[in-house]
Structure formats: structure tokens, C-alpha cells
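Visitor: I've got a model open and I'd like to learn to read it feature by feature. Could you walk me through it?

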Amino acid sequence: MRQTRLHAPTIKDDPRDAEVVSHRLLVRAGYIRKLAAGIYDFLPLATRTIQKISNIIRGEMNRAGAQEVFLPAVQPAEIWVESGRWAKYGPELLRFKDRKGAEFCLGPTHEEVIVDLVRRDVRSWRALPLNLYQIQTKFRDEVRPRAGLMRGREFVMKDAYSFDVDEASALASYEGMYAAYERIFQRCGLDFRAVEADTGAIGGSRSHEFQVLALSGEDKIVSCGQCSYAANVEQAELVRAPTNTAEPTCAAPQAVPTPNQRTIAEVSAALGVPESRFIKTLIVQVDGALVAVLLRGDHELNEIKLKKRLGANEIALAHEGQVLQATGAPVGFAGPVGSLNVSRIIADNAVRGMVDAVTGANQADTHLTGVAEGRDFKVSEFFDLRLAVENDPCPRCSGALRTFSGIEVGHVFYLGTKYSEAMKATYLDEAGHEKPMVMGCYGVGVTRIMAAAIEQNHDENGIVWPAAIAPFHVHVLPLQMNVPEVVEAAEALYKALSDAGIEVLLDDREERAGSKFKDADLYGIPWRVAIGARGVKEGIVELKPRRGGEVRNVPVASIVDELKALLA
């Protein structure tokens, strides 16, 4: 490809709405352009990278026995009503009516569509197992699209769906997809972790996220330093610490004034008591009822665990008026001692046995010290309700958990019969009995991989692509376009590299060397070959890797073979 014909206009300044590196660099390097909030045009360089990512995914899906299909983006409401998700999915589902008044949605995912397809075509156990996948554009109407391609509304995703005769076969399909995903992200050149995760709106009973490690990642994950255990902090199992058996040193709680000190950090500093000695009282709406949830002061509530433990459909922190109604005090002074106007009091396991604790006094500008669980207040039930933190004990071995930031780029779910039972996707077994198919589903964010790769691979000058997903392999820069020998050498190298099957971009623009170097760094192509007048006379070119940056002089006669070896 000649750069004079390439549509990849670079921009000097960062876009105003750019929050993360990938958004900034993809716009500046001419890979994407914004059309509307969370919706982007993909220019030629981005399209080449997306195609490479898609081909890696396609190759591993085919290798794992999946078959490619292409399903409609527009989906009728009736199949979503059948599955039960039309009313549950929420405002992210973009709904509309056609000219006849029939209701439709733009597909954020395709469980309903694929189940409808398979239930009409598959009747016998002989047709199973079956795994179908597609690479297609999805739409989710995010309330606040942000971070460029990381949290957009329209995006490209690979979604696959497996259908099996029983749980054992379905779990085998799940493991096959898990292994395929590991190969996909390895081939894309990413540093990632597969972590246990919540099933979310998709449903099912087992799931793993594939997280690319990056400082800008929205997700927090924990990983053991000694074994393979890893999980999203919201899903991580926590080892229950031994119950404290110490006796309280105070005979009864003591009220202390804490004027205008509402947060645990403020009260901790004022009283000189560590946050781990506090009992935090949260008033939470659980399906409309108010519940008091107790946590140690240095711990955070895991809303997913709370929702699962209580079997709730909806949970939310109570608003200011509800807190006043439940405790008689403004926000910041709630505590479990005394009379609370709530349906029940539940607590995290770490609260069990706490003594000499600090709590809110259910009175403005006042806290209690010397509080003892069991003596001064009663808890209905203890659960694991908190988020995992650095150095928590590993639930699988004697190691300690480390925390990382991650970007979710893939997710595998074991669905069981959630959708097949609801939508009557059944088969006849060998005895002629009708049974529901057992399902799994498996998603990969194609455009998110592109963004995540940049979040993990960049420097102050631009993108640093892993070679497997770079738009080109080699960037050839003739530095003096007014010197015929330089142009001739560049053209000859361009042809030789192309003939060798190496994807090459030739910067044939009438630009200064500094401008060419700057754009080359911004584009992020793995190898740069600079050709200058002096080098042509000496029979050498300058070879520079985008990662690392050390420049080497290489004989013109051997540069093609050297690049072939490096790219192999």
C-alpha cells in the first residue's frame, strides 16, 4: 500500500472527549472517526486490524468445531418475550416499531435468535452437539458511552452458541471454547487472565471472563500468586477468617461527638481509630424493602453477592429520605445499635465477633465507640458480602491474592437449559423422549480487542501493535523523495517485500524525514525501514522495531530475509 493513496489522516491534537489512550491514539492516527456518541467510523487501518483479529477468531472457532453463520441484527420482540428478557433487559435494549406497528429491537446479543433457528431445524440427538458462531455488529444503548471503543454503543462482536444433549457434553463444549479463547488471545499477542465471573444479564450458572491487563481497565480482578485461581473482584470467593473470640474492653458503647464528620475516613482520623475497627452500616433497598447491611469499615459492599444471597431482582442504596426514615439520622451516622426501621439486619462474615468497634449512633454528628457484635446488636444472617482486596487469602491454596485492572475482551457462559426450556428448544433422545438442549454461549469483543491491545501496547509516541494484528508488518520510509536513487531503492524493497508475502506500507509522500518518523510511530507498525541517500551509497538501510527502538544498519541484500525471519 502506498501512503499517498491511504486514507489515514493523522491529527496533531487529542480529541476533546478522549478519556483513555486507545481512544486518543486511534483518532489521532486516523484509525477511527466519531459519528455519534459511542458510534464510530472505521477507516482503512482500523478495518485491516479488525479483519486480522476476526480471522484469528474465525480460525480458532473453526478449529474447535464451530460453524459460521450470519444472523439478523434486527430482532422481533416476540422471541424476547418468549425468553423472558423483553421486560428484564432494560434501557440498553434499543426498541422500535416498524411501519405496521410490530415491535423490534437492535440485537445486543443473539441468544433468542439462535435458539429460534436451532429449535426449528434440529429435532434429533444425532444432530448434536452443534456450535454456531457469527462475527457481527451489535448495539447496546449505553447510558453513558465513553472511552472510545471500550464502552461504545455500536461494536463488532463474535458470539458463539453451543447445543448439547446433556450437562456433561455441554461442559465439554464449554471447556473447548475456553481453550479456543486462550489460543485467540495468545495469538493476538495480549497479556490476559481468564477469571471466574458473574453471569449478569445473560444468565446461566458458570462463566469466565478473559481480561486484558491494563492500568486503564474498568474491571478489577484478583489472581493468586501461587496457583491458577483468578476471578473478578465481584465474583471472587473469600476465605472466612476465624471468628474473633476476644472480650470487649468496654462495658457498653460510648457516644462521642463527631460534628460534620460523616465518612469513615473523617471519623477515623478524628478518633485515631483504624478503619478496620469500624462497622459500616448501609441502608439498602432490596426489591422495595429496606435492609441494613453491615461491613467492616475498610471493606466495600459487593452488590452482586448481596443480590444473589438475597435472591433479589433489584437492589440500590437507599436515598437520603429513606436513610432518615430508617435510622432517624442523616446520611453518615447510621449504625446497628438501637432501633432501626428496616426489615432485617445482615452482615458480612468479617463483622462476626467484632468488639470495641466504632459505629454510627443513629443521631446527627454522633458516633459510638466500644460496640460489640452480639452484645449490642443482633444480626439476622452472616454472608460473604464484600469485594476482594489485595492480599486476601486464596480460596484454592495457601497463597495471597493480587489485584489487577483489566479490560474484558471475552466471556464464556454455561447456560444450561435457561433459554431452551423457555423457548422450547428440544430434541428427541435415542429412546424417543423429548428433552431440552443444554446450551453455552461465548462472546469476544472484536473492536474491544483492538482498543485493549493499544491500552496494553503504546508509548508516548503512539501505538505499538503486536505483529499479529498490526494493519501492516513493515513501514518503508524513503527519506529524500527528490533523490532518484532513494526512490528507486524504496520501490525495489517495496516490491520485494510484497512478493515475499509481507504486508508493507510505503511512505511515498513528499514530506520531511521528521514528519515521516512521527507518523510512523503514531501508526505503530511493528518494523520500520528507513532509506536515505548515504545508506543507498553504502548498500544499507536502517531497521528499527517499533517496540524497543534500537536502530540497526542492515545490508540491502539481506533485509527481506531478515524481516521474514523476524515476522516468522
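Visitor: Let's start with A147. Is A147 buried or exposed?

Guide: This is a predicted model, so keep that in mind throughout. The cut-off for buried is under 20% relative accessible area. A147 has a relative accessible area of 7%, so A147 counts as buried.

Visitor: Where is A147 found?

Guide: A147 sits in the loop between β7 and β8 (154–164).

Visitor: And what should I look for in the backbone there?

Guide: Start with the general idea: most residues other than glycine have a negative phi, and most peptide bonds are trans. Now the case here: phi of A147 is near 60 degrees, a positive value in a residue other than glycine. N362 is another residue to check, with phi near 55 degrees, again positive in a residue other than glycine.

Visitor: Where is N362 found, and is N362 buried or exposed?

Guide: You'll find N362 in the loop between β18 (357–360) and β19 (366–371). Its relative accessible area is 12%, so N362 is buried.

Visitor: You mentioned trans peptide bonds. Which sense does the bond from L128 to P129 have, cis or trans?

Guide: That one is cis, with omega near 5 degrees. P129 belongs to the loop between α4 (111–121) and β7 (130–139).

Visitor: Can we do burial inside a helix too? What is the relative accessible area of S420?

Guide: For S420 the value is 0%, so this serine is buried. S420 is part of helix α9 (residues 418–422). To see what packs against a residue, skip the neighbours within four places in sequence; for S420 that leaves contacts with A425, P436, M437 and M439.

Visitor: On to sheets. How do I read one?

Guide: The general idea is that strands of a sheet pair through backbone hydrogen bonds, either parallel or antiparallel. Then write down the strand order. One open sheet here has five strands in the order β16-β14-β15-β17-β20, with mixed pairing.

Visitor: Which strands are at the edges of that one?

Guide: Those are β16 (315–317) and β20 (381–383), each pairing on one side only. On average, neighbouring strands in this sheet are turned by 35 degrees against each other, direction ignored.

Visitor: What about a single pair, say β15 with β17: parallel or antiparallel?

Guide: Strand β15 (residues 289–296) and strand β17 (residues 344–348) pair in the parallel sense, over four bridges. To pin the register in your viewer, take V293, whose bridge partner in β17 is I346.

Visitor: Does a helix come into it? Which strands does α8 lie across?

Guide: Helix α8 (residues 320–327) lies across β14 (279–286) and β15, and runs at about 115 degrees to β14.

Visitor: Let me try another sheet. What is the order of the one that includes β27?

Guide: The order is β28-β27-β29-β30-β31: an open sheet of five strands, with mixed pairing. β28 (504–506) and β31 (552–555) are the edges, each with a single partner strand, so one side of each has no neighbour in the sheet. The average turn between neighbouring strands, direction ignored, is 30 degrees.

Visitor: How many bridges join β30 to β31?

Guide: Four, and the two strands run antiparallel; β30 covers residues 540–545. Among the bridge pairs, V541 has V554 in β31 as its partner.

Visitor: Which helix lies across β27?

Guide: That's α12 (residues 513–523), which also lies across β28, β29 (527–531) and β30. The helix runs at about 175 degrees to β27.

Visitor: Last topic: two helices. How do I describe α11 and α14?

Guide: Look at the approach, the angle and the hand. The axes of α11 (residues 484–499) and α14 (residues 559–567) come within 10 Å and cross at roughly 40 degrees. The two helices are therefore oblique to each other, and α11 passes α14 in a right-handed crossing.

Visitor: Which residues meet there?

Guide: L493, A496 and L497 of α11 meet I559, V560 and L563 of α14. By type, this contact has six nonpolar residues, no polar and no charged.

Visitor: And if I zoom out, how many helices and strands does the chain have?

Guide: There are 14 helices and 31 strands. Of the 568 residues, 52% count as buried. The C-alpha atoms fill a box of roughly 95 × 70 × 50 Å along the principal axes.

Note on methods: Residues numbered from 1 in each chain as written. Predicted model: local features only at pLDDT ≥ 70, side-chain atom pairs only at ≥ 80, totals over all residues. Heavy atoms only, no water. Axes fitted to C-alpha atoms, helices over the stretch in contact; angles between N-to-C directions. Parallel < 35°, antiparallel > 145°, perpendicular 65-115°, else oblique. Left-handed = near helix turned anticlockwise from the far one by under 90°. Contact = heavy atoms within 4.5 Å. Nonpolar A, V, L, I, M, F, W, Y, C, P; charged D, E, K, R; others polar. Pairing = 2+ DSSP bridges. Buried < 20%, exposed > 50% of the residue type's maximum accessible area, 1.4 Å probe, protein only.
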